[in-house]
Amino acid sequence: MNQELLTPLLILSAFLFFTGVYGFVTRRNMISMLMSAELMLNSANINFVAFNKFLYPGKLDGMFFTLFIITIAAAEAALAIAIIIHVYRQTKSIDVKDADQLI
Amino acid sequence: MESQTVVFYLISALTAFSALLAVTASQLFRSAIYLLFTLIGIAAIYFMLDQDFIAAVQIIVYVGGIVVLIIFSIFLTQDSGVEMRKSEWWRIAASGMAALSGFLLTALGLVEYNFVTQSDNLVTGGVKELGRALLSLNAGGYVLPFEMVGLLLLAAMIGCIVIAVKLKELPEGKENIQ
């Protein structure tokens, strides 16, 4: 890919990050908040790959960071959904306002 | 303009648009589908950057795993057609302004900053190279984080089972383990 596209790529990643921030703050639903968090993680991944590709092409660290972030995001999403389902069984709601106790 | 540049801007526009819809759609199920399109767009960007392995992992883990899990939990916890409760207008206005100003500040900084890009023929990031570095014990190898991530996934799996399991009603006189 053309090297002048680094800045547009980083701007796209910043856009995705702040879209995730907006969604995380405005949404009241736990599953939507989880989806916004996934958006933020993905924007960080784009940054890692772009910097590795264009600024340090001799190394592989950015790629490995991306792979490990993807793995940890999968674990995080699975745990968060388990907690959401547990909260739903207790309170019959997935609104953050209703989730005020763990058991 | 080169054709690759045009394709890049098309994919970026699609990704950004569906990300915006994913956080503003009023139905939760639609929001999940827009998130799916965003993740596919990001995988396409990885393909454009010649990172085939990371793009494949992105599609397998995110599109095939996390989004399916999210849709699954939407069906478990609520009716998919129900509209979500709207936030208060001041919350939308304040967070919209915060996100917009943050984005503009970051974009301005990125445009002003001159990145010194390197020539791009040193590394390909192919599967062979990544696999060798992942299991290498030498300096620059990643075998310890690899093992740690395996342990983390095991812990997360056991944690999910413990949290989400439905406990059976035991007969009188027997204590539940939890």
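**Two helical chains and their shared core**

Let us start with one residue: A:V25 is partly exposed, because 18 other C-beta atoms lie within 10 Å (20 or more would make a residue buried, 12 or fewer exposed, and partly exposed is in between, with C-beta atoms placed from the backbone). This valine is found in helix 1 of chain A; helices here are DSSP runs of H or I with at least four residues, strands are E runs of at least two, and both are numbered from the N terminus. A:V25 and A:S36 are 11 residues apart in sequence, and their C-alpha atoms are 9.2 Å apart in space.

A word on what you are looking at: this is a predicted model, in which local features need pLDDT of at least 70, side-chain atom pairs count only at pLDDT 80 or more, and totals for chains, interfaces and linings use all residues. Residues are numbered from 1 along each chain as its sequence is written, while chains are lettered from A and ligands numbered from 1 in the order in which they are written.

Now follow helix 1 of chain A across to its partner. The axes of helix 1 (residues 6-26) of chain A and helix 1 (residues 3-24) of chain B come within 9 Å and cross at roughly 5 degrees. Axes are lines fitted to C-alpha atoms, for helices over the stretch in contact, and angles run from 0 to 180 degrees between N-to-C directions. The two helices are therefore roughly parallel to each other (under 35 degrees; over 145 is roughly antiparallel, 65 to 115 roughly perpendicular, and the rest oblique). Among the residues that meet are A:L12, A:F15 and A:Y22 on one side and B:T15, B:L20 and B:V23 on the other, where contact calls for C-beta atoms, placed from the backbone, within 7 Å.

Stepping back, 59 residues of chain A are in contact with 70 residues of chain B. On the chain A side, helix 1, helix 2 (30-54) and helix 3 (61-91) each give two or more residues, and the largest share, 20 residues, comes from helix 3.

Both chains also feed the largest nonpolar core, a set of 57 residues in which A:I31, A:L34, A:M35, A:V49, B:Y46 and B:I70 touch the most other members. Such a core joins buried Ala, Val, Leu, Ile, Met, Phe, Trp, Tyr and Cys residues through C-beta atoms within 7 Å. Leaving aside neighbours within four places in sequence, A:V49 is in contact with residues including A:M63, B:Y46 and B:I54.

Finally, chain B has six helices and zero strands, and buried residues make up 19% of its 178 residues.

Technical notes
Two residues are in contact if their C-beta atoms, placed from the backbone, lie within 7 Å.
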